[in-house]
Amino acid sequence: MMEKSMIKRFRALLLLIYPLVLPLIFWSCATSYKEYQVSLNQHSLTAEELFSTGDYARALANYKKALASYENEKNEQGVLFCLERMGWIERERGEYGSALHLFRKAYPIGVRLNGDAAEIDADLGDVYLFSGATQKAKDHYRKALSTLKNFVFKTSYSSPPGGEEIISMIRKSKAIIHARVNLGTIYYFAGEYPRALENLKKAEELINRILTVVKHPLYGMFIKLDSDIYEGIGFCQTIMGATYGEEGQFNKAWKHFDAGRDAFQEGNKQFGLLVNQALRYKIEFLSSSVKIDREKFEEYDAFLEKADRRGSSEVVWRMCYEIGRALKNERKSAEAKKYLTRSIDVLELTRSKLREDTIKKMFASSVQDVYVEMIILLFEMKQFEEGFDYLERAKARAFLDMLAGRSVKAKKSVDPLLIKKDIEIQNKIDIVAARLKTARGSDRESDYEAYKKLLKERKNVLEAIKGQSLEFAATTAVTTVPASRIAARLGKDTALVSYFLHKKRILVWVVNKGSVSAISVGTGSINMDELIADYREAISSQQEMLIADLGRQLSELLITPFLSQLAGSKRLFIVPSKSLHHLPFSSLPLSDKRFLVQDFALTILPNASSLFFMDKEVSPDRNSILAMGNPERVKKGMNLEFAEAEVKFVSKDFPVKTVLTGKKANESVMKERDLTDADVIHIAAHGRYFANQPLKSALLLAEDHKNDGNLETIEIFSLTLNPRLIVLSACQSGIGKVEGGDEIQSLNRAFIYAGAGGVVASLWSVSDRSTYELMKYFYSGLKIKSPAVALQEAQVKLMKKYPSPYYWAPFYLTYGLGK
């Protein structure tokens, strides 16, 4: 009786205030910007319109103008709104540093206005997640949950909730669902299914409380869910379906997939529907009850066509990958190749800065996984040349992903109008692709036709850029040279070896003049990683018997199987893979008393296609050197005792020389001095690398009032120089992060792009004294010989005085193809 009485009073009160409250409820919940309780000015209105069409660049410009107005008015709600929108756009564009700055700036404002900023913590988690810092992402998601640990979404009310209360409840609910679903997704990818379900079930509990209120005959009149909530519900249920499917609980999986589909339909989230269906297909491949026959393939192809017409290239390439992988596992090689080919072709037409956010909710796979499946498939089909081509494409893709969409300085040989046109076309593609996700009827058809036309236009522009500079083209699109051309390019006394490390085995391609062959070595990348780590440790501690034993094992895997194919070769190009980038190849033994470097002049290449990056105008000068050594650093313990003597010695025989040490060996020299027409740039300094931020790997020079002394990899890409050779006589200068596609992100690649003909670098911290002597031999030979031969002979001479590889093996040459 008491409950009925309360409901009657509630209804009476409702009839009085309903006409006034309903507009507030509708706008505050159905329109996301009203969560900020801000009136939009002209700039923000324009920005919102552009934002909704996917024109992020112009939207960002207008949000900036709106932000300036709100700041002048001291309107903190407006400021918070703009900062969050701008942060979201920068995250979408892959500008993660800027996104972090904007969200952090918004954070204290959110706390002041709302009492907490849990939703911003969730946004920060996304930025870290998409930039690869998974642990930091988890930390922010957990912080959001900790902030709201006492929040309870009420399911009963003694009186109608006010507008501000509803806004607060929805904001907090979104933050919790956001954090829980993304944590669940992270654990799903990691195969930690119980932890994934733990988070997803907690998100589902909150969702069910919200739906209880929304569906209530009275309370539901006050709370109207917006499409973002339905999207959160959709992804929660979809990932739960995927998780149950991976555990083999297929009945539960289909139930949750259905619930996810219904939520996406309710929120009109067409893209979410594609993700839901694609992930359902992925789980079908695991279920023996689903027969994959001709009818099923027709269904798959129809789905791919639908996704393509919605501009969802990410869904297309990932779905093709899953189908291709399933067919490969069933030994249906020809059909598998068809889908994997389409997958790679589609992903290579997308932006180099592939987005990994909402799509991460779809498959536990990366771009490189597609190439891996294709390379292995083609090897098993004995299509070795085509397999080599895809290995090259994998490396090219990894290089693009390392750049993460950052523009680098264009080569002089490239028409600036072509570059401008490429950027303009790509921006148009992004806008039309965004429209396709929401367009309907005739609008979608016209947008789709425009989309396909733009893709074709961009492909033509990229081909034109490739014709002017393969090297610059490689910074904007996957750019490679076919195996047949590479084989034809090699001299009779030269061979090329390219490695591919997989978890189960190693594939090795050997390319000689006019021929391409491949073999499989019976070990996996994990064993190889451990073997190389042990070998490096043995060298570091100079345990000669262990060095000999581990070196023999490495040679038997990496050299001996194809040694007969190198007969007659004096020069060997090596294209490493993954942990092989950290292996001193020169030290591998061919017998008890003979090393690889004694029979071959070795050159490391980032990929075989770089043999065709011939648009360099390397200085013809052979008389000048810029030598920088022992830069003065603020931090103590950075002094290099022999570095000053080293740079003075290596420069003594050059008629034109500039020798800089201490404070004079600063970063500004590299950025501001005219470095063209120097034969050699020699830097004897410490180097360092960051595994999680490879583009911040740096040479540690002296600081001054203009620069901090850390010459970072990303900064090197923008330098203008053209020496025949750069010598990095620095600790760990050649070490970089090894990505899934085995593209090492080191200083070497940046210097080569900046214009250097070649780079000599080191793999570990080296004795100053032995380095001094090696450089003495090296420069003596460099006067009349190629860098590869000069380094080879220097290492052979040094090993007579210092037999341990610790002293002579760390230095290696990248590129340096000229004399």
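## E322 and R325 in helix α14

E322 is buried in this predicted model. Its relative accessible area is 3%, which falls under the 20% cut-off and therefore earns that label. The residue forms a salt bridge with R325. The closest N and O atoms of E322 and R325 are 3.0 Å apart.

Both residues belong to helix α14, which covers residues 313–329. They sit three residues apart, about one turn of the helix. R325 is partly exposed, because its relative accessible area is 26%. In this pair, then, E322 is buried, while R325 is partly exposed.

## From α14 to α16

Which residue does K328 meet in a salt bridge? The partner is E373, with an N to O distance of 3.3 Å. This pair links distant parts of the chain. K328 lies in helix α14 and E373 in helix α16, 45 residues apart. Both side-chain partners, K328 and E373, belong to buried residues.

Helix α16 spans residues 367–380 and holds E373. E373 counts as buried because its relative accessibility is 13%. Leaving aside residues up to four places away in sequence, E373 touches Y321, R325, K328 and L340. R325 thus appears twice: it is a contact of E373 and the salt-bridge partner of E322.

## R435 with D447, and a network

A further salt bridge joins the side chains of R435 and D447, at 3.1 Å from N to O. R435 lies in helix α18 (residues 416–436) and D447 in helix α19 (residues 441–468), so the bridge ties together parts that are twelve residues apart in sequence. Is each partner buried or partly exposed? R435 is partly exposed, with a relative accessible area of 31%. D447 counts as buried, at 10% relative accessibility.

Elsewhere, D258, R261, D262 and R280 form one network, joined by salt bridges that share partners. The structure holds 42 salt bridges. Side chains of opposite charge can pair when their charged atoms come close.

## A negative patch

Which residues form the negative surface patch? They are D529, E530, D534 and E537. E537 has its place in helix α22. With a relative accessible area of 48%, E537 is partly exposed.

## Two positive phi angles

Most residues other than glycine have a negative phi. Q542 has a positive phi of about 55° and is not a glycine. It lies in the loop between α22 (525–540) and α23 (544–558). Q542 counts as partly exposed, because its relative accessibility is 32%.

N630 also has a positive phi, of about 50°, and is not a glycine either. N630 sits in strand β8, residues 624–631. With a relative accessible area of 8%, N630 is buried. The settings of the two residues are a loop for Q542 and a strand for N630.

## The chain as a whole

The chain has 819 residues, and 59% of them count as buried. Its secondary structure comes to 31 helices and 18 strands. Among contacts with a separation of 6 or more, 73% come from residues 24 or more positions apart. The K328–E373 bridge, at 45 residues apart, is one link between distant parts of the chain.

The accessible surface of the chain is about 34300 Å². Carbon and sulfur atoms account for 51% of that surface.

Note on methods
Residues are numbered from 1 along each chain as its sequence is written. This is a predicted model: local features need pLDDT of at least 70, side-chain atom pairs count only at pLDDT 80 or more; totals for chains, interfaces and linings use all residues. Side-chain values use heavy atoms; hydrogens and water are left out. Helices (H or I, at least four residues) and strands (E, at least two) are DSSP runs, numbered from the N terminus. Buried means under 20% relative accessible area, exposed over 50%, partly exposed in between (1.4 Å probe, protein chains only). Contact means heavy atoms within 4.5 Å. Accessible areas come from the Shrake-Rupley method with a 1.4 Å probe; for residues, only the protein chains shown count as cover. Patches are made of residues with over 30% relative accessible area and no salt bridge: like charges are joined within 9 Å, nonpolar side chains (Val, Leu, Ile, Met, Phe, Trp, Tyr) within 5 Å. A salt bridge is a side-chain nitrogen of Lys or Arg within 4 Å of a carboxyl oxygen of Asp or Glu. Lys and Arg count as positive and Asp and Glu as negative; His and the chain ends are not counted. The place of a charge is taken as NZ of Lys, CZ of Arg, CG of Asp or CD of Glu.
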